[in-house]
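The following paragraphs lead the reader through a molecular structure, beginning with a single pair of residues and moving outward from there. Please keep the sequence and the 3D view at hand while reading.

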Amino acid sequence: MLAKRIIPCLDVRDGKVVKGINFVGIREVGDPVECAEMYNAQGADEIVFLDITATSDHRETMVDVVRETAKKVFVPLTVGGGISSVEDFAKLLRAGADKVSVNSAALKNPQLISDAADRFGSQCVVVAIDARKMEDGSWHAYSAGGRIDTGVDAVEWAKRACELGAGEILLTSMDADGTRDGFDLDLLNAVIAVAPVPVIASGGCGKLEHFSEVFEKTGADAALAASLFHYRELTVGDVKAHLKEKNIPVR
Amino acid sequence: MIAIIDYGAGNLFSVQNALNYLGLSSVITKDPTEIRQANGLILPGVGAFPDAMRMLDSSGLTGIVREEAVKKPFLGICLGMQMLFEESTEFGLTKGLGLLPGRVDWIRCPYKIPHMGWNSLQFAKKSPLLEGVEEGAYVYFVHSFQAYPGDGVLSAWCDYGTQIPALVEQGTVFGAQFHPEKSGDVGLMILKNFGRLTK
């Protein structure tokens, strides 16, 4: 059977790994290639680079980061952040990315999903959704790194993204993100119920038990974390040892 | 020298990065002379079966690949593995290279398709590519179609509610449904074993 995947995420700005807290307050923590190598050695099943570079002229830096990482790290690499065209996909895939994730640009232009899936295959098209809970109990998809409420229902959006050809959903709960209180199980279950593709849980993990909880209580295929791994509070190896103890299949 | 066959499909650089990392010299090429002179061949592939076969045909390499694959170690990866079989039903019936008996068809299982992620190898027979690899080791898959191989060619498989052929071989012809170049240390070991066969 498929192993549940543990995915460290590296936020990269101008070629440096940084970490934001609650989408604000950024501090630099290191070289992305070295960080990726470290996670690879810890047993990461996949590595996500999220480019939070503000200006497009620095985006080429990300292509270099991917190219250098792909020479040393032999697990799947996913790159997201600021992707707005099929050409962006092509550039990153050529540099050695295995998957590319889209967020704001896909909300603005959903056809980007189908165009990319037609050209490169669904397997490399990840749709990232930043969701926040509304008073009526629904969730809205936010764009621009969590700054703009698009008014789009996040669950409906996940469903539509899959119909358009998304091969995977990377679902971040903005409510849980930064709280360290655990993944947003309700949001995950709502999206997993409508998405026929793998769903990656993101946002909110603060301790080992949150990883077993998300796999025991939802159908998530993978769990993503950034801060926990960055600040070496936990290693990927710690998480996997814990999951193994709980009889959850891991690599 | 290992020739990675460039017919317009697949992420050739990932395979070459892994070979470089292992110190195995390789060339990405569509030149028939280089392909004939190489000590080993790798046929990568990502995408749809009919497109890939059409691209291989229009590169004028189909005949050369068929001839050379039985002369020296030859490894098809992912779609490149599926192309080794006689035919595939993906987007209508398409003839494959016919280097291995069997056909390619949808994965029939109760789980999500594509079969994407890390799954563990179960051994069916001894293979030189699996030397140093433990049964149960995980490798990385991404595919919606699978091989239904003829007798005797299956070396390793994995369980996904159905038996999915992971490694197939006959003589000099090998095929990996998973991506060894994306399968961490286990994948590198398998590529290293392949490299050794080419020396």
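In this predicted model, A:Ser143 has A:Ile148 of E9(A) as its bridge partner. This pair belongs to a set of 4 bridges between strand E8 (residues 139-143) and strand E9 (residues 148-153) of chain A, and the two strands run antiparallel. Together E8(A) and E9(A) make a hairpin, with 4 residues between them. In the turn, A:Ala144 has a positive phi of about 55°.

Chain B offers an example of the parallel sense. Strand E1 (residues 2-5) of chain B pairs in this way with E2(B) over 4 bridges, and B:Ile4 has B:Ile28 in E2(B) as its bridge partner. Both strands belong to an open sheet of 8 strands in chain B, whose order is E2-E1-E3-E4-E14-E13-E12-E9 and whose pairing is mixed. Strand E2 (26-29) and strand E9 (122-123) of chain B are the edge strands, each pairing on one side only. Helix H4 (residues 62-69) of chain B lies across E1, E3, E4 and E14 of that chain, and runs at about 130° to E3(B).

The largest nonpolar core contains 157 residues. Which of them touch the most other members? They are A:Val100, A:Val127, A:Ile169, A:Leu171, A:Val191 and A:Ala223. Apart from its neighbours within four places in sequence, A:Val191 is in contact with A:Val155, A:Ala158, A:Ile169, A:Leu171 and A:Val199.

Finally, the two chains meet. The contact takes 20 residues from chain A and 25 residues from chain B. On the side of chain A that touches chain B, there are 11 nonpolar, 3 polar and 6 charged residues.

Methods. Residues numbered from 1 in each chain as written. Chains lettered and ligands numbered in written order. Predicted model: local features only at pLDDT ≥ 70, side-chain atom pairs only at ≥ 80, totals over all residues. Pairing = 2+ DSSP bridges. Contact = placed C-beta atoms within 7 Å. Axes fitted to C-alpha atoms, helices over the stretch in contact; angles between N-to-C directions. Core = buried A, V, L, I, M, F, W, Y, C linked by C-beta atoms within 7 Å. Buried ≥ 20, exposed ≤ 12 C-beta atoms within 10 Å, placed from the backbone. Nonpolar A, V, L, I, M, F, W, Y, C, P; charged D, E, K, R; others polar.
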